[in-house]
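Here are some short exercises to work through with the coordinates open beside you. Try each task before reading its solution.

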Amino acid sequence: MTEHTRLLGEVAPALEELSAEAARIGEGEIAKPVREIAPLSLRVHELAMQCTRQVHDLSVSQYPAMKDGADNLAHLAGACSQISLAATLCNLAIHHRTEILLYEDADSTPATSRDQLRRAGVEMQRAATTYRAVARGLSRRLASFSARTEDRQLIAEAQGPSPQKAPSAPPAPAARRRV
């Protein structure tokens, strides 16, 4: 869990950095949208994949049995969706800025792309808030002896023997053929 806590703690600063980059790009003219926005989009997509992988890894670990583990997994899954949405918004910003090459009536200003980059930044900030809160909570639980003891008990209960089904009636003996 210590490694997961470290990884969770690294996501929020990465998201804040990417959000700031989206804002910086949005402030510009976005004259070369693929060259300017695609590197950001790729990094956000990569982070979304890493976060989704970590949520999966946590979901198959002992984490869901820990106090608030299942709820935190749900929050992290939501944050992963926000990061994926941010990546999609970056791609849309590229698309809307390049529409002027394809359509005569397309908006020749970067206003739509700027708005999408702004929205991407908002989604990344929201996800960063979630990651920061979950990482802080998990770190506190790992640092507290009583919380670790409680979590060990919860994990042991979750791994305990599953309730046994009542045995069904034995199968009726097959009729023997006499020869």
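Keep in mind throughout that this is a predicted model.

**Exercise 1. The overall fold**

Task: Determine how many helices and strands the protein has, and in what order its elements run.

Solution: Start with the tally, which gives 5 helices and 0 strands. Then read from the N terminus on, and the order is α-α-α-α-α. For the burial of the chain, look at all 179 residues: 36% of them are buried. Finally, take the contacts with a separation of 6 or more; residues 24 or more positions apart account for 77% of these.

**Exercise 2. Checking the length of a helix**

Task: Find out what span is expected for helix H2 (residues 33-59), and compare it with the distance between its end C-alpha atoms.

Solution: H2 has 27 residues, and the expected span is 1.5 Å times one less than that number. This gives 39 Å, and the end C-alpha atoms are 38 Å apart, so the two values agree. Next, list which residues of H2 fall under the 20% cut-off for burial. Among them are Pro-33, Ile-37, Ala-38, Leu-40, Val-44, Leu-47 and Leu-58. The buried residues of H2 also include Ser-41, Cys-51 and Gln-54.

**Exercise 3. How H2 packs on H3**

Task: Work out how the axes of H2 and H3 are arranged, and which classes of residue make up their contact.

Solution: First, the axes come within 9 Å and cross at roughly 165°. Angles over 145 degrees count as roughly antiparallel, so H2 is roughly antiparallel to H3. The crossing of H2 and H3 is left-handed. By class, their contact has 21 nonpolar, 8 polar and 1 charged residues.

A residue of H2 makes a good follow-up. His-56 lies in helix H2, and its relative accessible area of 47% means that it is partly exposed. Its C-alpha atom is 9.0 Å from that of Leu-73, although the two residues are 17 apart in sequence.

**Exercise 4. How H3 packs on H4**

Task: Repeat the analysis for helix H3 (residues 69-98) and helix H4 (residues 111-143).

Solution: Here the axes come within 8 Å, with a crossing angle of roughly 165°. H3 and H4 are therefore roughly antiparallel to each other. The hand of the crossing is left. Sorting the contact residues of H3 with H4 gives 16 nonpolar, 8 polar and 4 charged.

**Exercise 5. Two positive phi angles**

Task: Locate Ile-30 and Asp-68, and decide whether each is buried, partly exposed or exposed.

Solution: Begin with the background: most residues other than glycine have a negative phi. Ile-30 is not a glycine, yet its phi is positive, about 50°. This residue sits in the loop between helix H1 (2-27) and H2. With a relative accessible area of 1%, Ile-30 is buried.

Now turn to Asp-68, which also has a positive phi, about 65°, without being a glycine. Its place is in the loop between H2 and H3. Asp-68 has 43% relative accessibility, so it counts as partly exposed.

**Exercise 6. A pair far apart along the chain**

Task: Find the helix that holds Arg-152, then give the separation of its C-alpha atom from that of Met-66.

Solution: Arg-152 is in helix H5 (residues 145-159). At 47% relative accessibility, Arg-152 is partly exposed. Along the chain Arg-152 and Met-66 are 86 residues apart, while their C-alpha atoms are separated by 7.7 Å.

Notes. Residues numbered from 1 in each chain as written. Predicted model: local features only at pLDDT ≥ 70, side-chain atom pairs only at ≥ 80, totals over all residues. Heavy atoms only, no water. Axes fitted to C-alpha atoms, helices over the stretch in contact; angles between N-to-C directions. Helix = DSSP H or I, 4+ residues; strand = E, 2+ residues; numbered from the N terminus. Parallel < 35°, antiparallel > 145°, perpendicular 65-115°, else oblique. Left-handed = near helix turned anticlockwise from the far one by under 90°. Nonpolar A, V, L, I, M, F, W, Y, C, P; charged D, E, K, R; others polar. Buried < 20%, exposed > 50% of the residue type's maximum accessible area, 1.4 Å probe, protein only. Contact = heavy atoms within 4.5 Å.
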